[in-house]
Amino acid sequence: MTAAATARAPAWPRRLAHLALVLAALAFLALFLLLPLAAVFAEALRKGVHAYLAAIDQPGAFAAIRLTLLVAAIAVPLNLVFGVAAAWAVARFEFRGKALLGALIDLPFSVSPVIAGLVYVLLFGAQGWFGPWLAAHGVRIVFAVPGLVLATMFVTLPFVARELIPLMQAQGAEEEEAARVLGANGWQMFFRVTLPKIRWALLYGVLLCNARAMGEFGAVSVVSGHIRGLTTTLPLEIEMRYNEYDYVGAFAVASLLALLALVTLAAKTALEWRYGDELAAHAPGGH
Amino acid sequence: MTLELSRLSRRFADFAALDDVSLDIAPGEFLALLGPSGSGKTTLLRILAGLDHPDAGSVRLDGRDFLATPARSRKVGLVFQHYALFRHLTVAENVAFGLRVRPWRARPKRAEIAARVEALLQRVQLEGLGRRYPAQLSGGQRQRVALARALAVEPGLLLLDEPFGALDAQVRVALRRWLRELHEDLGLTTVFVTHDQEEALELADRVAVMNRGRIEQIGAPGTVYQDPATPFVCEFIGKVNRIPLAREDGMLGAAGWTPGRDPWRGGQARATAYVRPEHLALGVAGDRPGWQAQVRHVYLAGSVAHLELDVQALAQTLEADVASEDLARLGLRPGLGLRVAPRRAVVFPAGSGGDRWVWQADEAVVAV
């Protein structure tokens, strides 16, 4: 009755207010999100498609793409496992130091990424605490791929856990308990009951985590050492080209990074669209 | 398979959920754990299900240690208060869950699982709803899916946590009768938790009344109601009038009324008489012991009418129940003055060192 009434009743001023709000939101989005995104592609293509392709078709660019994908491919699954484990622990168990764990999960959000990078340099760098020992055993972490992975993991650690904890706390453990009493072992309980319950939040957390892993600049910049073709991810490659006054090149690579983000977004939308009915059927409680 | 629970204790932080609880559950029995919230009844149920563990005590099944068996191997059917159905699975998949998670040697064939699910859905009167999701069912239907799911694993013990707590009154009564019939059909040992005394009295073979982590009394519904062992049981089960007695002229009594005898032989200076509303006689003759009262309210509740009676001598309001057809016959209406007296009372001594006393009037106390 309320929905029908509000749909029928609105007087002119109210409808005007509706319209104004929607327009304001759209204008805001256009100004702060779409315009810059469009500018990236416009700048990249300013000297024509040929120059654009030439800027991309360089070993540096390909290496950067490969490295970015590699770092994300290692950091995201590890954070997925950690995020689920941490969310499970926080949501399902009472233990000493639970508040501390919650605070630690948030640490990467509150600490500047640059500091995170510096900490790894301090720990594993040539003059760092473990540097000499690592060097003696022929292990390179800082200014090499392992350092990039570590820094990225640090920065992206909270995404999955933070997405899952409130959901798992709200859902409670009753369904898992029911599964146990019905004879399920731990794995069956997790894969048949827990995972289906959290899969959308998990997917969302992983997508956010992935987006950040591919786009991270600060922490990665500190531990990278900027060795072109070896330790430059896409964001670092962009910065280097920009600093070399290669604007078309910088924006061309930037457009690649933006494209990766758009692909991620499209994947999420497609999944939501594909399973939209199912989402709607299960969203309201279900018990 | 007799289940022997012996000296179970369970503490949460500084709160004793179970405090030295012992109890035997006979095969095929329908047992109610009745108590207010926080009395430990759900904790006891969870311990039986294997979802919680006692700090001390043992549970033995035919002499074997039941607590050493993990939850998944206990063959216990548990129905949660809020059902805990798997929301991402259909009704049929929910019911089949317990069979599908078995190791493959023990797992029935696909067709056999389907047949059993179908039979169970029929048993709980949900045939044809197997492809629905829990969110598309009513509360009573979800409840029965939860029951079918629990029965699918052919449990030796069925546990129900507030099975009717989340349902509306009509569905609740219907489902209650249905559950009782189902129990008679299956003969399955069943333990259910409830805070609703009516439910416990109507359904169970035996009722264990719990309070603050202890069992106050365990017995048949009639015994627990008619012959309560403690003041708590008196007050928790059914309605009751609480009348303080003191020594008057060498005899325990209240405002001129006395039970006439003293089982403690003067050993108690004070006591409390608990009188059920249906045990208060109305229209007592003037030469008999009793109290002058005035009808304050008459609440007609279907077949029974509840009366509120002001008794000035006791400075309290007593409750009395009469059959509603007697209302007109006795001319009971607000404002009417009449004499009342207990016909039956359970009397507890105030001090220690005395047993409770079930008092019955010597002769029919006139009138009603």
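**Figure 1. Cys234(B), a buried cysteine.** In this predicted model, Cys234(B) is tucked out of reach, with a relative accessible area of 2%. That counts as buried, because the cut-off is under 20%. Cys234(B) also helps line the largest cavity. Over in chain A, Cys209(A) is buried too, with a relative accessible area of 0%. If you're hunting for disulfides, a search of the whole structure over all chains turns up zero.

**Figure 2. The largest cavity and the residues around it.** Five cavities of 30 Å³ or more show up, and the largest has a volume of about 80 Å³. Besides Cys234(B), its lining includes Tyr225(B), Gln226(B), Pro228(B), Val240(B) and His279(B). Tyr274(B), Val275(B) and Arg276(B) are in the lining as well, and so are Arg344(B), Ala345(B) and Val346(B). By class, that makes eight nonpolar, two polar and two charged residues.

**Figure 3. Helix and strands of chain B at the largest cavity.** Helix H7 (221-226), strand S13 (270-275) and strand S19 (344-349) each bring at least two residues to the lining. Which element gives the largest share of the lining? That's S19(B), with three residues.

**Figure 4. Ala323(B) in strand S17.** Here we move to another spot in chain B. Ala323(B) sits in strand S17, which covers residues 316-323. Ala323(B) is partly exposed, at 34% relative accessibility; that label fits because the value lies between the 20% and 50% cut-offs. Pull back and you'll find Lys41(B), 282 residues apart from Ala323(B) along the chain, with 35 Å separating the two C-alpha atoms.

Note on methods:
Residues numbered from 1 in each chain as written. Chains lettered and ligands numbered in written order. Predicted model: local features only at pLDDT ≥ 70, side-chain atom pairs only at ≥ 80, totals over all residues. Heavy atoms only, no water. Disulfide = S-S within 2.5 Å. Buried < 20%, exposed > 50% of the residue type's maximum accessible area, 1.4 Å probe, protein only. Helix = DSSP H or I, 4+ residues; strand = E, 2+ residues; numbered from the N terminus. 1 Å grid on protein atoms, 1.4 Å probe; cavity = no way out; pocket = protein on both sides within 12 Å on 5 of 7 lines; lining within 4 Å. Points joined across faces, edges and corners; volume = space filled by probe spheres on them. Nonpolar A, V, L, I, M, F, W, Y, C, P; charged D, E, K, R; others polar.
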